[in-house]
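Student: Hey, got a minute to go through this model with me? I'd like to talk about a sheet and a few single residues.

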Amino acid sequence: MSQGLDLAVIGSGGAAMAAAIRATALGKSVVMIERGIFGGTCVNTGCVPSKALIAAAEARHTAADTARFPGIATTAGPVDMAALIAGTHDLVESLRSEKYLNVAESYGWQRIQGQARFAGTPDAPVIEVGDATIEAEHYLIATGANPVIPPAFEGVAYLTSTTAMEVTEVPESLLVIGGGYVALEQAQLFARLGSTVTVLVRSTLASKEEPEVGMALLEVFADDGIRVVRRATVSEVEQADDQVTVTATITGGTQQFRAAKVLVATGRRPNTDGLNLEAVQVKTGENNEVVVSDGLQSSNPRIWAAGDVTGHREFVYVAAHHGAMVADNIFTDAGRRVDYRHLPRVTFTSPAVGAAGTTEAELLAAGTRYDCRVLPLKHVPRAVVNRDTRGFIKLVADAGTGRIHGITAVAKDAGEIAAAAVYILDAAMTVDQVAGSWAPYLTMAEGIKIAAQSFSADMSRLSCCAS
């Protein structure tokens, strides 16, 4: 039995690593338990490989876009998917070694491979891993989440966001089920690699963001040759030889869709199965998530949870924030609490979606009087010289004080706009303050200032170099 430990961490992803690093820096003893590949989702099967492939797909798309800049002739040939995937694997292995394995070794905490399972009593919990028993003063569950697969897809050779990163040939045709950020990124990725892509979505694209986002992406996807079928609910899935047939209920009846592959991106479910949480009285929610306080403590005061397993926002930077917060709350009695009011959100389509703060619908639901402006990118000089004015920048502000509550953009480098938005929101800046602030010319972020100016100015009467 391992005894006398300060913290036992189940998982090895962003939340687990951040908690272990912070606890070790505070002089505490840590053990980390991982049942799969060390490093968690982000580096192995999520952020790193997907964004690497998205970048590759955009490079090919740019090469194929011969009409965008006069005088520039380029071509894009077929994709060697096996070579592309092999290169991505090399990148993943390098980052896993450098940023996870080597970091763990440098801090010196113990690592155990195997399935963790709680045992003991609620007052004296322990973890069993095979024949070993681990006893610690505190425990952190950081086991992440996995894709949810609807029952209709049982028995079908479907792809998920994980297995799609392993295909060695570009599918001739692809059905994507879902309209969230994973579905959007994967649909455009494969379309730009050469697949004929159809997206089936129950409501609309990016339904949790401002409605203008979904409309802008419909235009972008149409330009990329991606067909989007909205208000489609999958009722039946069949596979015959090398083709998948999906029957969906849509407005006016049912319709069948056929493709070589189908990718299911309908959400994720926290990984708590097999942890035996009931034995130590840790409550879980309807989606299998560990129920936590705003300080990330579970119903058992010695057991905490962080990252996707909590059912909170599924971003690796949220997981890392969670992990460090848990260590501070346990070992320094910091009393830190999660606050998502100004959380940035990015979807890595091209153009990208970036947002921070509150949406117009959320302010309306809260009964807050607000004012908003939607600035088309044709008014942003950077977009004009890029010769791509698809998209917008939207500001939502308090109708009385002018304080900005939310910023959303569909644009190239919209993630950088979202980062700038966080600072604006944290500083409680008003529309007038942003409109009168410095902004470097010919940057996309300058669009935030121009959007703020549009609250009081006629955009047609502004000079691009004298705003």
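Tutor: Sure, we'll go through the annotated residues and then a sheet.

Tutor: Keep in mind that this is a predicted model.

Student: Noted. Which residues does the UniProt "binding site" annotation cover?

Tutor: Lys-51 and Asp-308, according to the UniProt record, which is an unreviewed entry.

Student: Where is Lys-51 found?

Tutor: Lys-51 is in helix H3, which spans residues 47-64.

Student: And why does Lys-51 count as partly exposed?

Tutor: Because its relative accessible area is 26%, and partly exposed means between 20% and 50%.

Student: What is Lys-51 in contact with, leaving aside neighbours within four places in sequence?

Tutor: Glu-185 and Phe-348. There's also a polar contact of 3.3 Å between the side chains of Lys-51 and Ser-50.

Student: OK, over to Asp-308. Is it buried or exposed?

Tutor: Asp-308 counts as buried because its relative accessibility is 16%, and the cut-off for buried is under 20%.

Student: Where in the fold is Asp-308?

Tutor: Asp-308 is in the loop between strand S16 (303-305) and helix H7 (316-331).

Student: What does Asp-308 touch, not counting residues up to four places away in sequence?

Tutor: Its contacts include Arg-268, Arg-313 and Glu-314. Gly-144, Ala-145, Pro-270 and Phe-315 are among them too.

Student: You mentioned Ser-50 earlier. Which residue in helix H5 should I look at?

Tutor: Try Gln-186, in helix H5 (residues 181-193). Gln-186 touches Ser-50, along with Ala-164, Met-165 and Leu-263, if you skip residues up to four places away in sequence.

Student: Buried or exposed, that Gln-186?

Tutor: Gln-186 is buried, at 2% relative accessibility.

Student: New topic: the sheet. In what order do strands S11, S12 and S13 sit?

Tutor: The order is S11-S12-S13, in an open sheet of three strands with antiparallel pairing. Strands S11 (233-240) and S13 (253-259) are the edges, each pairing on one side only. From one strand to the next, the twist averages 20°.

Student: What holds strands together in a sheet, generally?

Tutor: Strands of a sheet pair through backbone hydrogen bonds, and the pairing can be parallel or antiparallel.

Student: How many bridges join S12 to S13 here?

Tutor: Seven bridges link S13 with strand S12, which covers residues 243-250.

Student: Which residue in S13 is the bridge partner of Thr-247?

Tutor: Gln-256 is the partner of Thr-247.

Definitions and conventions:
Residues are numbered from 1 along each chain as its sequence is written. This is a predicted model: local features need pLDDT of at least 70, side-chain atom pairs count only at pLDDT 80 or more; totals for chains, interfaces and linings use all residues. Side-chain values use heavy atoms; hydrogens and water are left out. Two strands pair if DSSP finds at least two bridges between them. Helices (H or I, at least four residues) and strands (E, at least two) are DSSP runs, numbered from the N terminus. Axes are lines fitted to C-alpha atoms, for helices over the stretch in contact, and angles run from 0 to 180 degrees between N-to-C directions. UniProt positions are given in the numbering used here, feature names are shortened, and annotations may be inferred rather than shown by experiment. Buried means under 20% relative accessible area, exposed over 50%, partly exposed in between (1.4 Å probe, protein chains only). Contact means heavy atoms within 4.5 Å. A polar contact is a pair of N or O atoms within 3.5 Å; within protein, one must be able to donate a hydrogen and the other to accept it, and residues adjacent in sequence count only if both atoms are side-chain atoms.
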